[in-house]
Amino acid sequence: MITWPRTLPRIRTLLLATYLVVLLLPVAGIGILRLYESALIRQTEAELLAQAAVLSAAYRAAWLERSTRTDLDAMPRATRSWTASDYPPSAERGMALTAQLDLADTTILPPPPAGRPSTQAAEPIARQAAVPLASVVEEARRMTLAALRLVDAHGVVVVSSTPDELGLSLAAQDEVAQALQGAPMAVLRARIGQSFPGWETISRNSELRVFVTVPVLADGRVLGAVLVSRTPRNIAQTLYAKRYALIELAAVLFVAVAALAWFTGHTIVRPTRQLAAMATRVASGDVRAVEPLGAPMTREAQSISDSILSMAQTLEARTDYVRDLALGISHEFKTPLTAIRGGAELLRDHLDEMSTEERQRFLGNILADTARLERLVRRLLELAQADALMPTGQESCDVRTVILDKADEFRRQSAQVAVDGGPATAMAAVDRASLDIVLSNLLENVRQHGGAQATAHLAWRLDGGPNGGPNGGPNSGLVVIEVSDDGAGVSAANTGRIFDRFFTTARDTGGTGLGLAIARRRLAAFGGSLVLVPTLRGAKFEIRLRRAAQTPR
C-alpha cells in the first residue's frame, strides 16, 4: 500500500519547478555538449588565421624585395599541395582559410616541444625580411595577446613575440613541419598550467591553446612559415563578461516563468477546486445543487464538469426511480397484505362461529392475495433483471422464428393470435430471451385488456429508419414488429400512463402494471424502443430494433 506524504505540493509549485528546469536545460546542454565552447575555439582559430595570413603576406613581400630569381629558385619546393590540408580551396579564386577545429572530433595534442638549438644559422634573406616585421609582431602581440613567430624555410625562428626564441628551430613541431611542406594546419594543444591571472584578461587559466601555422609560398617555393597561437575564450569568461546583462535576463525570465506558472496554475487550480467541490456535493448526496462550471478554462475541466454533472443527474434519476419504485411497491403490497392480515385475524377470532362456506371464502381471499403477492414479486424480479441487463452488442436473433414460436405457444393457451407475416429474413440486434419476454408481455396484455373475443395480430417489416437507408449495408436500418388487437383499445385518459410502473386497469384479473415497463426497459438495453401507435380500433404497439447480420445467438 502506497503511503503519501501528509503535505503534497501545490500545482503552481510543480509548474514553477518544471518551467525552471526547462529553462535551465539549454544552459545544461551547452555545458554538457560544449557546443558554445567549440564555437569560441573556431572564433579564435579564425582570428589567428587572419593574423597569420596578413603576416604571411607581409613576410612574402619583404622576402621577395630582398631576393633575386636565383635566390627564389634555390628555396625548397612545396611537397604538399594546399588541397591536401584541412583547408580545401573554395569555389572562388584563391585559397580560403576556414576555421575547422571542433572539440567533438579534434584530437587534443600535448603541449608543443620547446625550440631546439639550430645546427645552421637562419637564412640571410629571411633575417633581413624579418627586421621590419619585428615591430609589427610586437604590436600585434600587445594588442591581441597572441604569440607570433616567423620561421625561415628550415624552421629557424627569425621573428618572435618571445625574443628568447630567436635562432631556435621549431621544425620538430608537427604543425610547423607541415607548413614548411606547403600546407596550413591548425591544432589544439594542452596548455601548460599557470597561475590564474584574473577574469579580465584574455590569457586565462584555460586548459587548451589554439596553434595555427600558414606557409609563406612564392611560385611553389617555401619561403618560411608563420606560427600564431593563443588560448581561446571559454564559456565562463564569456558569461562573466556579460554577467550584468545575464543577471537582468535571468530576472526577466524568472518573472516571466513565475507569471506563466501563476497563469497556468490559475487556469487549472480554480476549476480543479470547483470540480472538487462539485464532487463533494455529489458524495454528500446534494446532487440537485450541482451546477456546471461557469468558466472551465480548459477542455479537460469542461469534460470533467460535464461528467460530474451527468453523474449527478444519473444519481438523481436513480434516486427518484428507487423512491418511486419503493412507494409503488409499498402501495401494491399494502392492499393484499392488509387483506391477508384481516382475513387471518377474523379466522383466528371467529373461526368456531363461522360456517364452512365463510371459512372457505376467507381462506380463498387469503390465497388470492398471496398469489397476487407472488406475481408482484416475480414481476419485480423481472424488472430488476431488465434494469441490470448489460448486452455485449453481439446479440442477434431471427424475428420471424421468435414470432411464430410465440404465436403457437399462446394458441395452445386458447388465445386468438394471427401472424400477418413479413420478410423471410429479419435479424434483430437483441437476444431471443429478451424478445420472447417482450412479446409474452404484449400478448398477455391483449388477453387481459382486449376482451374475450379479441384477436392479437403479429407482423414485422424492415425499415430504413434513423440508423440507415434501405440501400445501406447489412447492419443498416431497423426491424419493426407490430403487435395489435381488435379489442377495446386504450382510452385517451390512459394513453400517457400505460408504461408507468404499477399502472393497470386489470388489477382484479391479475394485472400488476409492470409488464409494459419490463418490456420497454428490456428493449432500451439493446437500443430499441416500444411505443403505442394510434389506431382506429383496439391497441397497436410498435417495437423498433436495430438490424443485425450475425447468426442467431
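Which residues does Leu223 touch, not counting residues up to four places away in sequence? Select Leu223 in this predicted model and show its contacts: Tyr59, Arg60, Trp63, Leu64, Leu72, Met75, Val151, Asp152, Ala153, Val216 and Ala218.

Now widen the selection to the largest nonpolar core. It has 37 residues, and Leu223 is among those that touch the most other members, together with Tyr59, Trp63 and Leu150. Colour the elements that give two or more residues to this core: helix 2 (35–65), helix 4 (124–144), strand 3 (147–152), strand 4 (157–160), strand 6 (185–190), strand 7 (208–218) and strand 8 (221–230). Helix 2 supplies the largest share, 8 residues. While you are here, you can also pick out a second, separate core of 35 residues, which includes Val402, Ile403, Trp460 and Ala539.

Next, switch to a cartoon view and find the open sheet. Its 6 strands follow the order 1-6-7-8-3-4, with mixed pairing. At the edges lie strand 1 (108–109) and strand 4, each pairing on one side only. Helix 4 packs on this sheet, where it touches strand 3, strand 4 and strand 8, and its direction makes about 30° with that of strand 4. Then zoom in on strands 6 and 7, which run antiparallel and are joined by 6 bridges. Select Leu188 to see its bridge partner in strand 7, Val210.

For the last stop, go to helix 12 (residues 515–525). Its buried residues are Gly515, Leu516, Ala517, Ile518, Ala519, Arg522 and Leu523. Among the elements covering them are helix 9 (356–387), helix 11 (432–449), strand 14 (529–533) and strand 15 (540–546). Just after helix 12, check the backbone of Gly527, which takes a positive phi of about 80°.

Conventions
Residues numbered from 1 in each chain as written. Predicted model: local features only at pLDDT ≥ 70, side-chain atom pairs only at ≥ 80, totals over all residues. Heavy atoms only, no water. Buried < 20%, exposed > 50% of the residue type's maximum accessible area, 1.4 Å probe, protein only. Helix = DSSP H or I, 4+ residues; strand = E, 2+ residues; numbered from the N terminus. Contact = heavy atoms within 4.5 Å. Core = buried A, V, L, I, M, F, W, Y, C linked by side-chain atoms within 4.5 Å. Pairing = 2+ DSSP bridges. Axes fitted to C-alpha atoms, helices over the stretch in contact; angles between N-to-C directions.
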